[in-house]
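Work through the exercises below with the model open. Try each task before reading its solution.

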Amino acid sequence: MEIRWYWDAQLASNGKKWMYGKFVGLDIGTDSIKVALVKRGLKDTKLLQTIRLRTPKSSEEISEKIKTVFTENSLPRTDIATSLPNNPISIRVLSFPFSDPKKIEQVYEFELENISTFDPVDKFHGHHIVKTENGSEALVSMFENEHIRDLIAICDEGGVDPKIVTFGPLAFSSLDGFLTQERPLILIDIGASRMSFSLFDKGGIKRVRSSSKAGDAVTESISRTLSVSFEEAEAIKFEGLKGYKVGVVVEEALGPLFSEIKKTVQFFEMEVKEEIKTVLLSGGMSLMAGITDYLGKELTKDVKSLFIPELGDNSPLFAESFALALYGSALKKGSLNLRKGEFKYTGKNEELRRIFVVPAVLFSILVLLLLYHSGVEYFERKDRLVEMEAQIERTVKDTFPDVRVIPKPVAFMESEVKKVRDQLGLIEGIRGGSTPLEILKHISASISPSVKLTVNEVNFVDDATVKILGKCGSYDEVAKIEKALSGSEAFKKVIRDSTETAVNNTVKFQISLLLK
């Protein structure tokens with residue numbers, strides 16, 4: 001199958017008067033960057049343009065590519081919704097007997113602390129509210145802080161400032177009106193590095209899930225089996241299940257991916273207590289020849305490629321970027337937006353500013369004339385405040401030269417001071433007990449040298465808890481490490497917090513050690 005890379009504009013006109021302006025959905029994938037530009041009106045939304053580009057290898061090149069495409073196409077630089085390319089470290093469902101978004105916002109973190117294996121304070125998280133018969137549910141997605149920090153840094157270097165940063169599978173909730181098939185149904189978006197699942201019932205989106213078992217893993221399996229390059233294996237993959245010899249290889253490579261799909265379908269069916277009628281596929285992998293028929297036989301369900309009239313045959317490729325544009329342009333209370341706290345959006349609405357620029361200028365002149373005599377002192381103080389803020393920002397950047405983006409310097413500095421105080425408290429807490437060096441020696445002595453282990457971080461959370469983040473070759477080795485540490489006299493309890501497949505078939509893990 002030929003993969004075409006192009007610039008494409010789809011225009012439509014229905015005589016409506018559009019009032020809310022343009023909005024961009026930006027999907028930054030590991031293999032391609034997709035952009036969808038919509039114009040939202042009072043009653044309708046029109047798709048104006050779709051753009052697809054190859055994703056460069058480095059973050060700097062990605063930023064430069066974004067800057068170029070937004071400049072050449074005169075795209076809005078702030079009215080943007082994008083999604084984190086990373087898989088969340090946790091997805092939780094919290095149930096409430098009420099559905100008021102304000103109340104849920106006030107209490108959901110306390111509920112999250114009770115059920116999460118991670119400390120929510122150490123992670124970045126947000127929620128999307130789903131209404132139920134007896135109240136509502138909050139679908140909570142939790143990410144590492146650096147995930148959103150890296151994404152905002154890429155956008156900042158690219159000259160754009162997205163108002164919305166969300167989780168892709170939840171953004172697909174904006175496509176609810178386009179999905180006319182019998183419910184419940186699952187929309188599976190299979191990209192290069194992530195496969196996401198969005199479950200819809202009669203009320204709309206119900207559950208979401210994501211997995212790292214995706215297109216690149218299939219390609220790498222084909223490449224190893226046939227001893228061909230990644231590019232050749234990619235071409236073989238998109239040829240699909242044709243031919244006996246190659247078809248068998250592709251089928252074997254698809255095994256882990258299809259197994260993940262089967263488990264997720266079964267899990268969702270238990271959630272809704274109904275048989276799922278339809279499976280819709282989107283993403284680059286859905287273009288693979290024969291995949292819908294093959295998966296349909298494996299699941300014994302109706303499997304189809306996603307089709308949205310506005311996107312036409314390009315529906316699978318631009319599904320997420322189109323969904324992001326719709327989700328962001330109609331964001332309401334209870335929707336997931338990770339631009340909060342340290343990463344809160346603080347820019348101004350450029351579209352509205354352009355629309356009202358003339359009356360705004362006239363009004364500003366009138367205000368200046370009225371306040372001229374009494375406002376001199378105010379503006380002098382304002383200038384001093386701006387100068388002080390600039391000085392604080394320079395001081396923070398000089399103190400932390402490795403941090404590329406500091407949206408709120410004062411809040412950032414207070415956060416860093418708190419970390420230092422916490423570390424001093426930790427030192428005071430362990431005084432009289434085992435020192436950090438002794439604990440590290442116990443860890444090293446417990447693990448056999450034959451285990452291939454890379455430790456990325458040893459975090460002394462408090463005087464009774466140590467967390468280890470690392471990578472090893474397999475899930476069996478993670479189990480061996482857990483067992484070995486459990487046998488150490490230094491640790492009262494060993495808890496495996498998480499494991500997930502990383503690049504090059506390695507396994508990332510986090511283990512908590514409770515000290516005696």
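## Setting the scene

The chain has 15 helices and 18 strands, taken as DSSP runs (H or I, at least four residues, for helices; E, at least two, for strands) and numbered from the N terminus. This is a predicted model, where local features need pLDDT of at least 70, side-chain atom pairs count only at pLDDT 80 or more, and totals for chains, interfaces and linings use all residues. Residues are numbered from 1 along each chain as its sequence is written, and side-chain values use heavy atoms, with hydrogens and water left out.

## Exercise 1: an aromatic pair

Task: classify the pair of Phe124 and Phe343, then place both residues in the chain.

Solution. Start with the rule. Rings of Phe, Tyr and Trp (its six-membered ring) pair if their centres lie within 6.5 Å; planes under 30 degrees apart are stacked, over 60 edge-to-face, the rest tilted. The structure holds six such aromatic pairs. For Phe124 and Phe343, the centres are 5.2 Å apart and the planes make 75°, so the pair is edge-to-face. Next, locate them. Phe124 belongs to strand β7 (residues 124-132), and Phe343 to the loop between α9 (315-329) and α10 (350-355). The two are 219 residues apart, and their pair links distant parts of the chain.

Now check burial. Buried means under 20% relative accessible area, exposed over 50%, partly exposed in between (1.4 Å probe, protein chains only). Phe124 has 11% relative accessibility, so Phe124 is buried. Phe343 has 3%, so Phe343 is buried.

## Exercise 2: sequence neighbours

Task: which class of aromatic pair do Phe267 and Phe268 form?

Solution. Their centres are 5.9 Å apart, with 45° between the planes. That makes the pair tilted. Then compare accessibility. Phe267 is partly exposed at 39%, whereas Phe268 is buried at 1%.

## Exercise 3: a sheet and its edges

Task: which strands stand at the edges of the sheet with the order β6-β8-β7, and why does each have a free side?

Solution. First, the pairing rule: two strands pair if DSSP finds at least two bridges between them. Three strands form this open, antiparallel sheet. β6 (90-96) and β7 each have a single partner strand, so one side of each lacks a neighbour in the sheet.

Next, take one pairing. β7 and β8 (residues 135-143) pair in the antiparallel sense over nine bridges. One residue to find is Val130: its bridge partner in β8 is Glu137.
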